[in-house]
Amino acid sequence: MIPGKETLVGKSEPQKEKYGSFALFDIEHFLRKLLKYWYWFVLMLSIGYVTSWFYGKYYAQNIYSSNLSLSISSGTSSYFTPNQSINFIWGQSGNQDGIYLKKMLLSRSHNEFLVNELNLFVDYKTKGAIKSTYLDKDDSPVFFEIDKKHLQQVNYPITLTPKGDNSYEVSFPDEGHSTNLYSYDFEGFQNVEAYKKPANKVIKINEWYTSPNLRFRLVPNPVSPSIKLENIVINLSTINNAVNGIVSTIGVDFDKEINTIMIISKSGYSLNGTVSFLNKSVDELKKKRFADKNTIDKNTQDYLKRNLADIRKKLDSSAAYLNYLKVSEKLYDITNRDEKSLQKIKDLETKKADILSKMNSLSTIKTTVESQNFDKMISPSAAGFDDGLFTASVSELKALYLKKRELSSIYTPNSEPIKEINRLINEAKTNSSGSLRNVYTVYTTELNKIDQQIAEASSDLTSFPDKQRKYLDAERGYNIIEATYNSLLGRQNESQMRLATNQSDISVIDPAKNLGQGPIGPNVKGTKMAIIGGFLAIPFILILLSSLFDSKIRNIKELISATRIPLLGVIGNNNAENMLTVLDSPKSSVSEAFRGIRANIRFLSGEDEKSKVILITSSVGGEGKTYISINLASVLGLSDKKTILLGMDLRKPKIFGDFNIDNKLGISNHLTGEATIDQIINKTKIPNLDVATSGPIPPNPSELLMSDRNIKFIEELKKMYDFIIIDSPPVGLVADSYELMKHSDANLYVVRHEYTEKYMLKMITEKYHNDEIKHLGLVYNDYVSKQGYGYGYGYGYGYGYGYGYFDEDKNYKEPLLIKIRNKVRAIFNR
């Protein structure tokens, strides 16, 4: 069966244009390639499995996590007196104390203290044959203690090997000792003169080891660890790196239901290390909080006491003046007093006095911060507000200024460490001043509102006589001072009570404990699967990319669908040394495929008795058009049809070699008038097959092929032969064949499997569907079956094996998959 040419009547131009366009991706070819290269997937799977096994056994380092929960008293920073209106205006959540504690737990000053207190700048490891494992300090039989007064080299591995009798061999790498050493006192680097590599040495416990770049000793662990270590590898880091590393592993969250409960977590390579760090961190925080509370409460009490003394003097003076007016001016009984208005004014002025007092305290706090006199800091409750972020920023400022004073003794003002500390100070200043500015804005707004209300209420007092108004003004002044005094007195009582009953406002609910928690990471199983998947993805991606960028013709169905050109036959792979397959192997499947093409040609050329001119071409050289021409001519000659094969590819003659014919005289000689037809026609061992070779390569092959003499030559041959087979030049390189097609009865276009480029078929397909070329059919050459049998009998038996029908079947072994499939089919067919 041959697909016929579809009629173009009624078809739009876009439908015509799609002919010759192949799909970007051939899924069938892609799947076949995956099956073809299955062994690469097996290899990558094996490599991935081995790699993942080594990762899990020798590389993955377990990470552990421990938790601690604590409760914050409702009055944390109980020296604060929260002003709900202020918090409401700012849109705060009311958990400012928790925010303050969180910031403190994550602050540099707090964690730097812990790093120095717990010697967390010392890392302990043990080195095995392949990988190093992190150790907890308590797992080491000895503790590494440095002399902080001595310069030390950081990131320089020190190996301790037990030698018995409480002694250890100290060894160092062959290279890596540096002249840039670190001072743990000043937390900075200094350069020293060059020196020799520190010598390896055996030292006893508590014996100091001293070299230009190190000074340390080994202190025995009071608790003998259960693990026997063959070596301990010590590595020192800077304080800054240790702090940054610790802060990045701390998490602070609040309970979703009760926001005064904090949950603090710490991750690390050692479970015991995370437990001891959390408990120590909270203990130190409680101590610091308690000390800060007492200090600030004492400062606040002294501040209020001084202010009360000043206000008392003003109150006594105001009371004396008011009494004077009553006695001397007889103004103690004013008629027609508007008591309602006077009471309203009194209430407003009491509020105003309270706000002015708070603003005065706010000014004192601001001055304290700006002057860096943090030891005199008073409680923000004296200013009527409570902001944990402000308190945290002030604490941070205090620590930063202390650090700056230390750094200033060893660094110049323009050095990087000083610039960095100044940046942090400015950041903390911005946070603290922003909080104070917000409070001041709120108080100013309230004060303006009260002043306006007082002015409105005082307008009714203008009707009183001057003496009476004088008395009322004095009475109002007295009331304001008295209200301020009472406000300060109330705050003093609160401060005294807090100071007398001070206790920790932090209580630990669940301390951190080693309960044998399993590691939280890494996800070894997931990583192993990712490793294996990554290795499997390598061949998959390579095959996918090769399929995406592959432009070769590999799929017969796609070829027919894209070109809509009839397929005359499928020719299998030729393994013979010459191209005379039909003559040398007449019973082969390839020979049978050529017979199928012979039968199918009649659908293109018709079945009349006239001589047939069959032109064979291709896109480029190497696609097998000469091979198709020779064997098709051989099939026609063997079928008692008088046939001649013309080698009209004048640029690249080939035919003469296979037939052992001399190419001195050929078609080029005849077309130039140098030889007659009889002189160029050669007999072959097939009685009905003659051959006319190309002859010497002419300088003007195109002119000769398109000349009238060549047309006349073909017409003369039609009188002598039943079939004229023309081996023409490839149309992808020259246009000669297009001219010859005008005089042919059938045109065969050769497409070679996995060789012909898809884009090469675009031109021939367009010409065919535009009726520029008629009687065109495709021949699919060099097809290799992947299934063990032919493409289909409808295409001239195709290519494959007929289970004993063809010569190739003698050595044919049925593939395992085909065997299984056939057995399954046989079972179901029963």
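**View 1. Tyr 37, partly exposed, and its ring partner Tyr 39.** In this predicted model, Tyr 37 has a relative accessible area of 25% and is partly exposed (buried is under 20%, exposed over 50%, partly exposed in between; 1.4 Å probe, protein chains only). Tyr 39 is also partly exposed, at 41%. Their ring centres lie 6.1 Å apart with the planes at 70°, so the pair is edge-to-face. Here, rings of Phe, Tyr and Trp (its six-membered ring) pair if their centres lie within 6.5 Å; planes under 30 degrees apart are stacked, over 60 edge-to-face and the rest tilted.

**View 2. Tyr 182 with Tyr 184.** This aromatic pair is edge-to-face too, at 4.8 Å centre to centre and 85° between the planes. Both Tyr 182 and Tyr 184 are buried.

**View 3. A cluster of aromatic rings.** Ring pairs join Phe 144, Tyr 156, Phe 172, Tyr 209 and Phe 216.

**View 4. Charges over rings.** Lys 137 sits over the face of Phe 143, 4.8 Å from the ring centre. Arg 752 does likewise with Tyr 755, at 4.9 Å. The rule asks for NZ of Lys or CZ of Arg within 6 Å of the ring centre and within 35 degrees of the ring normal.

**Notes.** Local features need pLDDT of at least 70 and side-chain atom pairs pLDDT 80 or more, while totals for chains, interfaces and linings use all residues. Residues are numbered from 1 along each chain as its sequence is written, and side-chain values use heavy atoms, leaving out hydrogens and water.
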